[in-house]
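User: Hi! I would like to learn how to read a structure like this one, feature by feature. Could you take me through it?

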Amino acid sequence: MKRLNQKVTGDSSITLFSEKYQEHYHSTKGAVEESFEKFVKPCRIAELAKKGKITILDVCFGVGYNSAAAVEVALEANPDCKIKIIGLENDQKILDERKNLNPAFKYYDIIKEEKTDERIKLKILLGDARETIKQIKEKVDAVFFDPFSPKVCPELWTKEFFECVKNVMKPGAILTTYSCARVVRDNMKAVGFKVEDGPILGRRGPATIATLK
Ligand SMILES: C[S@@+](CC[C@H](N)C(=O)[O-])C[C@H]1O[C@@H](n2cnc3c(N)ncnc32)[C@H](O)[C@@H]1O
């Protein structure tokens, strides 16, 4: 099977290129850095981990960088924390690419091999996220929202899908995404999210942090 093209990003970590979407899977300024700075930190994973138990929804799991960063931050904050991650991904090929990657995350082997133990449970729901999200029966503390851009993947940035995401979030849960596009924020607001600027990395616009009012 043909492997996806790899690119070394600004922090020396590797991203991949999607021919279908003509976009990279991560920021070319720094793939690993993006996971920590734009997704994990603004979701306050360390703070949540200190409470002992955390459930994360990783929308558009890809090769799992955001989840890997979350596990690292959570276990650093609380080595006894119980972490449950639900990943949504529709492409088995990108999940298979994990075995070709060795990013500098402490616990990437857990993400790679979907190892489950006392502390960490990872479940990936394979299929269109707009459908698989309906299988989620529990409420989550944090959401990493990481589809390709609204320009090339508009179907995941709609009011309808944000409503579904909102429905699986606990009160006070935080959603983070790299995009600050107007349409994204308008659709989030339309279904009841409060929207704030997230971190700015490099010279790009801010990320977005969405919480429930
Ligand atoms: C920007 S990449 C995500 C990168 C990922 N967060 C990571 O750390 O590797 C977007 C992902 O969305 C997936 N995707 C696209 N459309 C989807 C859909 N309708 N349902 C679920 N996943 C989808 C793609 O296969 C791709 O893996």
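Analyst: Happy to. A polar contact here is a pair of N or O atoms within 3.5 Å. Keep that cut-off in mind for the ligand, and remember that this is a predicted model.

User: Which backbone atoms does the ligand approach, and at what distance is a nitrogen atom of the ligand from C60?

Analyst: A nitrogen atom of the ligand is 2.9 Å from a polar backbone atom of C60, which counts as a polar contact because the cut-off is 3.5 Å. At A129, a polar backbone atom is likewise 2.9 Å from a nitrogen atom of the ligand. A side chain takes part too: a polar side-chain atom of D146 lies 2.7 Å from a ligand nitrogen.

User: How much of the ligand's area does the protein bury?

Analyst: Taken alone, the ligand exposes 610 Å², and the protein buries 98% of that.

User: Where does the ligand sit, and which residues come nearest?

Analyst: The ligand sits in the largest pocket. There are 21 residues around the ligand, and H26, V63, E89, A129 and D146 come nearest. By class, the shell holds 11 nonpolar, 6 polar and 4 charged residues.

User: Let's stay with E89. Is E89 buried or exposed?

Analyst: For this we use relative accessible area: buried means under 20%, and exposed means over 50%. E89 has a relative accessible area of 9%, so E89 is buried. Its place is in strand β5, residues 82-89.

User: How far apart are E89 and A129, in sequence and in space?

Analyst: They are 40 residues apart in sequence, while their C-alpha atoms are 6.5 Å apart in space. Both belong to the set that comes nearest to the ligand.

User: What about pairs such as I133 and T15, or C81 and E163; how far apart are their C-alpha atoms?

Analyst: I133 and T15 are 118 residues apart along the chain, with C-alpha atoms separated by 26 Å. C81 and E163 are 82 residues apart in sequence and 29 Å apart, C-alpha to C-alpha.

User: Where are I133 and C81, and are they buried or exposed?

Analyst: I133 is found in the loop between α6 (129-132) and β7 (140-145). With a relative accessible area of 3%, I133 is buried. C81 lies in the loop between α3 (65-77) and β5, and C81 is buried because its relative accessible area is 0%.

User: Now a charged residue. Where is R185, and which side chain does R185 contact?

Analyst: R185 is in helix α8, residues 182-190. The relative accessible area of R185 is 15%, so R185 counts as buried. Its side chain makes a polar contact with the side chain of T208, at 2.9 Å.

User: Last topic: backbone angles. What sign does phi usually have?

Analyst: Most residues other than glycine have a negative phi. Here, phi of Q22 is near 55°, a positive value in a residue that is not glycine. Q22 is in the loop between β2 (14-18) and β3 (23-24).

User: What is the phi of R44, and where is R44 found?

Analyst: R44 has a positive phi of about 55°, although R44 is not a glycine. R44 is placed in the loop between α1 (31-40) and α2 (45-49). Its relative accessibility is 46%, so R44 counts as partly exposed.

Methods: Residues numbered from 1 in each chain as written. Predicted model: local features only at pLDDT ≥ 70, side-chain atom pairs only at ≥ 80, totals over all residues. Heavy atoms only, no water. Near = heavy atom within 4 Å. Polar contact = N/O pair within 3.5 Å; in protein donor to acceptor, adjacent residues only side chain to side chain. Areas by Shrake-Rupley, 256 points an atom, 1.4 Å probe, with all protein chains shown as cover. 1 Å grid on protein atoms, 1.4 Å probe; cavity = no way out; pocket = protein on both sides within 12 Å on 5 of 7 lines; lining within 4 Å. Sits in = over half its atoms within 2 Å of the grid points. Nonpolar A, V, L, I, M, F, W, Y, C, P; charged D, E, K, R; others polar. Helix = DSSP H or I, 4+ residues; strand = E, 2+ residues; numbered from the N terminus. Buried < 20%, exposed > 50% of the residue type's maximum accessible area, 1.4 Å probe, protein only.
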